[in-house]
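Reader: I am new to this structure and would like to understand the terms used for it. Could we go through them one at a time?

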There are 2 protein chains.
Amino acid sequence: MNEALNFAKELLKLRGLKQTSSRLQILSAIKEYNAAIPYSELQDTVIADRSTLYRTLNTLIDEGLIHKAKTEPNDTYYAMCGHECSSNSHSHQHLHFQCTICKRVTCEYLQDEIKIRLPNHQISSVEINAQGVCKLCVAV
Amino acid sequence: MNEALNFAKELLKLRGLKQTSSRLQILSAIKEYNAAIPYSELQDTVIADRSTLYRTLNTLIDEGLIHKAKTEPNDTYYAMCGHECSSNSHSHQHLHFQCTICKRVTCEYLQDEIKIRLPNHQISSVEINAQGVCKLCVAV
DNA sequence: TCACAAATGCAACAACGATGCATTTAAGAA
DNA sequence: TTCTTAAATGCATCGTTGTTGCATTTGTGA
């Protein structure tokens with residue numbers, strides 16, 4: 001009946017990856033968190049050596065299962081990727097939003113695509129981080 | 001005849017700040033670099049204790065003289081602010097661009113302003129980081 | 001030249017992130 | 001089910017970034 005765990009197992013099977021303890025724990029934790037999960041939360045939750053945690057996170061990123069979000073001043077968050085990501089390419093049509101009140105970090109998809117042009121530059125990737133007040137905290 | 005040093009002195013005088021050794025060194029170094037300067041470069045260049053370097057950088061940021069740019073995966077750069085910044089507010093109508101070839105980080109001002117709207121969110125600040133190939137490396 | 005607040009150097013500490021190496025484990029083959 | 005093997009893990013260790021407390025030094029204005 002552990003929904004997040006089943007999700008993690010399915011996802012690993014689908015991508016042809018080993019179902020190791022740390023992978024299952026990490027993916028479950030992210031799934032259950034319902035927002036980008038802070039590294040410290042993973043550290044507290046996942047039962048594994050710190051080096052294993054880092055290595056596994058990097059593996060999952062390389063495989064296109066999760067991605068990283070950085071916030072000011074210095075925190076790292078992890079979130080699930082969509083189906084469009086793979087070990088070949090991460091393509092994220094979203095930005096990362098951090099609420100200055102509750103500190104939650106979420107992936108927000110935009111209706112209008114953002115085009116950025118710089119004369120004489122070839123832009124290959126753009127990363128957008130926004131800060132403000134989220135819909136839950138606005139209501140208060 | 002040291003232009004960058006004179007610039008640093010003038011800037012500090014203009015803002016009513018003490019002309020200390022680390023401030024002058026840092027501002028001169030940034031001015032001379034002609035791009036956002038990596039922290040490691042400051043570390044190698046500025047003759048001061050590491051803690052002084054950090055404290056002074058934070059002071060200059062607080063006073064609105066410089067600002068920080070972060071790049072993937074984990075580097076911090078520092079650049080001059082425009083006149084519009086002060087100890088009260090940093091307002092940056094630009095993005096940070098890092099060339100994947102020469103690694104230089106520059107502040108790039110956009111002609112068309114970017115508006116980002118998220119339903120039910122109050123956005124207070126937006127930070128944009130772009131990666132690609134700069135005009136110098138494109139030519140090669 | 002003096003006084004004082006501010007800046008500095010030094011020491012120590014914490015967190016993040018990486019790596020080498022021996023051991024354990026997941027998963028497919030026999 | 002058992003065996004095999006590559007991959008994953010734990011442990012030890014290292015380096016960098018960033019912070020803080022405290023005694024000493026320095027810049028500036030009187």
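Reader: Which residues come nearest to DNA strand C, and how many residues are around DNA strand C?

Author: This is a predicted model, in which local features need pLDDT of at least 70 and side-chain atom pairs count only at pLDDT 80 or more, while totals for chains, interfaces and linings use all residues. Residues are numbered from 1 along each chain as its sequence is written, chains are lettered from A and ligands numbered from 1 in the order in which they are written, and side-chain values use heavy atoms, with hydrogens and water left out. A residue is near a strand if one of its heavy atoms lies within 4 Å of it, and 22 residues are around DNA strand C, of which Gln19(A), Tyr54(A), Ser22(B), Arg23(B) and Arg55(B) come nearest. Of the strand C atoms within 4 Å of the protein, 61% belong to sugar or phosphate, and the rest belong to bases.

Reader: What makes the approach of Gln19(A) to a phosphate oxygen of DNA strand C a polar contact?

Author: A polar contact is a pair of N or O atoms within 3.5 Å; within protein, one must be able to donate a hydrogen and the other to accept it, and residues adjacent in sequence count only if both atoms are side-chain atoms. A backbone N or O atom of Gln19(A) lies 2.6 Å from a phosphate oxygen of DNA strand C, so the pair falls within the 3.5 Å limit. From chain B, a polar side-chain atom of Thr20(B) is 3.1 Å from a phosphate oxygen of strand C, and for the side chain of Thr56(B) the distance from an N or O atom to such an oxygen is 3.0 Å.

Reader: Which elements supply the surface near DNA strand C?

Author: Helices (H or I, at least four residues) and strands (E, at least two) are DSSP runs, numbered from the N terminus. Two or more residues each come from α3 (39–45) and α4 of chain A and from α2 (21–33) and α4 of chain B, and α4(A) gives the most, with five residues.

Reader: What is found around DNA strand D, and which residues come nearest there?

Author: Around DNA strand D there are 22 residues, and Ser22(A), Arg23(A), Arg55(A), Gln19(B) and Tyr54(B) come nearest. An N or O atom in the side chain of Ser22(A) is 2.6 Å from a phosphate oxygen of strand D, and a backbone N or O atom of Gln19(B) is 2.7 Å from a phosphate oxygen of that strand. A base oxygen of strand D, in turn, is 3.3 Å from an N or O atom in the side chain of Arg55(B). The element that gives the most to this surface is α4(B), with five residues.

Reader: Why is the relation of chain A to chain B called that of a two-fold axis?

Author: Copies are superposed by least squares on the C-alpha atoms of residues with pLDDT of at least 70 in both. A rotation of 180° with 0.0 Å of shift along its axis superposes chain A on chain B, with an RMSD of 0.0 Å, and that is the relation of a two-fold axis. In chain A, the C-alpha nearest the axis belongs to Ile128(A), at 2.3 Å.

Reader: How do you know how much area chain A and chain B bury between them?

Author: Buried area is the accessible area (1.4 Å probe) that two parts lose on being put together, summed over both. For chain A and chain B the value is about 2700 Å², 52% of it on carbon and sulfur atoms. With contact meaning heavy atoms within 4.5 Å, 32 residues of chain A are in contact with 32 residues of chain B. There are 13 residue pairs in polar contact between the chains, both residues being at pLDDT 80 or more. On the side of chain A that touches chain B, β6(A) gives the most, with twelve residues.

Reader: How many salt bridges does the rule find across this interface?

Author: A salt bridge is a side-chain nitrogen of Lys or Arg within 4 Å of a carboxyl oxygen of Asp or Glu, and by that rule the interface of chain A and chain B has zero salt bridges.

Reader: What makes the peptide bond from Glu72(A) to Pro73(A) cis?

Author: Its omega is near 0°, and Pro73(A) lies in the loop between β2 (66–71) and β3 (75–80) of chain A. Asn120(A), a residue other than glycine, has a positive phi, near 70°, and lies in the loop between β5 and β6 of chain A.
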